[in-house]
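Student: Please take a close look at a single part of this structure, and then relate it to the aromatic side chains elsewhere.

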Amino acid sequence: MARPHLYGDIKVFSGSSCKEMTNRVCQNLGLKISPSKTRIFPNENIFVKLGVSVRGQDVFIVQTMSSPVNQNLVELLIFIDTVKRASAGRITAVVPYFAYGRSDKKDQPRVPITARLIADLIETAGADRWMTIDLHAGQIQGFFSIPGDELTAFRLISNHLAQKQLRDTVVMAVDLGFAKRGRNYAAELHLPMAFIEKHRDPEKALVDSMTVLGNVKNQNVLLVDDEVDTGDSVKHAVT
């Protein structure tokens, strides 16, 4: 009978994009952030050096893909490669925000599926597992060949909103693809729901909000979406 593979101590490294979050996670787990140094040279090349041995260890690299997106993405890949070449036992890429998630299908001719590309890059760099929070679409999980976990902030957010005892409020899904997620919030908060049908200009990357489905007159609107560029469009659509 084969014995399960046992890894050494847990090592947690933080990329430059979310050091405060990593520090809070480690405090809750009773761990310390392992030392590392990240430098950006004048030619914009990124250099990562670990400050501790990770040989045979269970390593977690926390790096989100917020702005600057591409710089943080490349830093994550270099960090993974650094840990792999230092002979880590297992590498988990913890990516709180997974960028390029909206590019998860070919919705027009001659375009990429960038979410799949990012998944391939993380795997090729050397990650053994991945972890993220609330992907733009569930099918992105299938883009990875390595195992992983999609966590959700639904319970934390809904509990926070419930404490506010919202009145005269409508939960609005700012995309028909978010209808299920919006419905979950509406049910949890005991609020009515509305939808908005939108059209995106592929050339200008702008959102044109077209039709509101539901009653929002004289109501506060609680948006359920993961896009930062829809707020103004929705505001115009419901006023």
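**Gln-63 and the aromatic pairs**

Tutor: The side chains of Gln-63 and Glu-75 are joined by a polar contact of 3.4 Å (a pair of N or O atoms within 3.5 Å; within protein, one must be able to donate a hydrogen and the other to accept it, and residues adjacent in sequence count only if both atoms are side-chain atoms). This is a predicted model, in which local features need pLDDT of at least 70 and side-chain atom pairs pLDDT 80 or more, while totals for chains, interfaces and linings use all residues. Residues are numbered from 1 along each chain as its sequence is written, and side-chain values use heavy atoms, leaving out hydrogens and water.

Gln-63 sits in the loop between β4 (58-62) and α2 (69-85); helices (H or I, at least four residues) and strands (E, at least two) are DSSP runs, numbered from the N terminus. With 1% relative accessibility, Gln-63 is buried (under 20% relative accessible area; exposed is over 50%, partly exposed in between, with a 1.4 Å probe and protein chains only). Beyond its neighbours within four places in sequence, Gln-63 has contacts (heavy atoms within 4.5 Å) that include Ser-17, Asn-72 and Val-95.

Turning to the aromatic side chains, the structure contains five aromatic pairs. Rings of Phe, Tyr and Trp (its six-membered ring) pair if their centres lie within 6.5 Å; planes under 30 degrees apart are stacked, over 60 edge-to-face, the rest tilted. Phe-41 and Phe-47 are tilted, because their planes stand at 55°, with centres 6.1 Å apart. Phe-154 and Tyr-185 have planes at 65° and centres 4.7 Å apart, so this pair is edge-to-face.
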